[in-house]
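Visitor: I am new to this protein. Could you show it to me and talk me through it?

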Amino acid sequence: MTPSHLSPTGGLPTGHLIGQPLTALAPMQDVTDLAFMRVIAHYGAPDYFFTEFFRVHAQSRPEKHILRSIDENDTGRPVFAQLIGEDLGHMARTVDALLKHNIAGIDLNLGCPAPKVYKKNVGGGLLREPQKVAQILATLRAAVPGLFTVKMRIGFADTALFDTLLDLINEHGVDLLSVHGRTVKEMYRSEVHYDFIARAAARARCPVLANGNVTSATRAAAILGETRAAGVMIGRHAIRNPWIFRQCREQFAGRDVTRVTLGDVRDYVERLYRATQNDEFPERAHVAKMKKYLNFVGQSVDATGAFLHGMRRAESESDLFAVCDQHLLGEPQREFSPEPYPGIIARPNCETPGSDAAGCSLETVTA
Ligand SMILES: Cc1cc2nc3c(=O)[nH]c(=O)nc-3n(C[C@H](O)[C@H](O)[C@H](O)COP(=O)(O)O)c2cc1C
């Protein structure tokens, strides 16, 4: 049976503003769970959400905590379920299981750059093997009665296969393509190759979302102008600035863009803390998790990195909020910078050559 939310005619769900570019929250492991989606929705939901990736292999069952972000999604916006894997039978089996849930569609991960992932020939590792990609696309297209979407990087070590991969996207009737404009080897911190996103937007028959360093509403508009993409997908900069989707809509509509103050950011930190708190999570571990989000927030608090310096030393909830009060409530009307301050980098940065990071997660991915 086709679930009612899957349009048999294939159209993408409409965005908040019909006729305006789309916005999406990028899938982020350990981040884009139900709690985080709710916090983002409070400040202005994107048009689309994507789950963290469901791992697919012989023993896999859809992870319960990720299913919660679908089953209990009360943000008012659709959520696509992302898969990572390569076994055709198990991919189809997982699609069948996920179709019983209220998903907007199925998304395939062709981008994860963690060595432990790509060495298993899944995620970004698949970009080296167009024939295998073709088999997976054919299997998923046949298994998904509604929307089937793909998120990819522009290549593995180089971009030689990019056009071939785009042709496969066309051949297999993909409904929406998100392009992170870096190769797998470029990880997260190189320049983003927007010219390749433009190439995808020109060549793909489906709408393309531009992804990678969309830092602000102003940048979103400029990137859309440069790439002619149908919309933007935003990851780390939505952790830093959860108002960004609302600001994008304002920018696209030619309205004044909401100005965010440090006092507003103090509210965000409190909301995120309470949303991610649970009885089984010891305070120290919760504070450690909060620091990973605050690494991104700190890029827009002050130009010297003083907030980040203080925040990294917090060990308890009271330490953490004392640092927040000091840096965010001293001048609560001061502007939270729409762009990250230059040179303020979220650390630790585990992108050292030869590092064998376990996955895409807040442990290993920084800006
Ligand atoms: C902490 C973290 C986890 C991520 N997990 C995933 C994931 O599960 N699936 C995926 O396709 N991409 C994942 N990514 C990549 C993002 O979706 C996005 O492509 C990348 O961060 C570039 O966009 P940005 O500059 O807006 O952050 C992750 C990125 C981060 C920072």
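Here is a short conversation about the domains, the ligand, two helices and two loop residues.

Guide: Welcome! This is a predicted model, so local features need pLDDT of at least 70 and side-chain atom pairs count only at pLDDT 80 or more, while totals for chains, interfaces and linings use all residues. Residues are numbered from 1 along each chain as its sequence is written.

Visitor: Into which domains is the protein divided, and how far apart do their C-alpha centres lie?

Guide: The bounds come from an automatic or database domain assignment. They give domain 1 (22–252) and domain 2 (260–367). The C-alpha centres of these two lie apart by 25 Å.

Visitor: Which element gives the most to the side of domain 1 that touches domain 2?

Guide: Two residues are in contact if their C-beta atoms, placed from the backbone, lie within 7 Å, and the contact takes 23 residues from domain 1 and 25 residues from domain 2. On the domain 1 side, the elements giving two or more residues are helix H1 (34–44), helix H4 (115–118) and H9; helices (H or I, at least four residues) and strands (E, at least two) are DSSP runs, numbered from the N terminus. With four residues, the one that gives the most is H1.

Visitor: How many residues surround the ligand?

Guide: A residue is near the ligand if its C-beta atom, placed from the backbone, lies within 6 Å of it. Both domain 1 and domain 2 supply at least three residues of the shell, and strand S2 (49–55) and helix H9 (236–240) each supply at least two. The closest are Ala26, Met28, Gly235, Arg236 and Cys360, and the residues around the ligand number 25.

Visitor: On how many sides of H14 do its buried residues lie, and what arc do they cover?

Guide: Buried means that 20 or more other C-beta atoms lie within 10 Å of a residue's own, exposed means 12 or fewer, and partly exposed is in between, with C-beta atoms placed from the backbone. In H14 the buried residues are Leu320, Val323, Cys324, His327 and Leu328. They sit on the same side of H14 because the arc they cover, taken from the directions from the helix axis to the C-beta atoms, is only 105 degrees.

Visitor: Which exposed residues does the face of H14 turned away from its buried side carry?

Guide: The buried residues of H14 pack against helix H11 (262–276), helix H12 (283–297) and helix H13 (306–311). The face turned away from that buried side carries the exposed residues Ser318 and Gln326.

Visitor: Why do the buried residues of H6 line one face of the helix?

Guide: In helix H6 (residues 162–171), the buried residues are Phe162, Leu165, Leu166 and Ile169. Seen down the axis of H6, they line one face because they fall within an arc of 100 degrees. An α-helix has 3.6 residues a turn, so residues three or four places apart point the same way. The partners that the buried residues of H6 pack against are helix H5 (130–143), strand S5 (147–153), strand S6 (176–180) and helix H7 (194–203).

Visitor: Is Asp30 buried or partly exposed?

Guide: Asp30 lies in the loop between strand S1 (22–25) and H1, and its phi is positive, near 70 degrees, in a residue other than glycine. With 16 other C-beta atoms within 10 Å, Asp30 is partly exposed.

Visitor: Where is Asn121 found?

Guide: Asn121 is not a glycine, yet it has a positive phi of about 60 degrees. This residue is found in the loop between H4 and H5.
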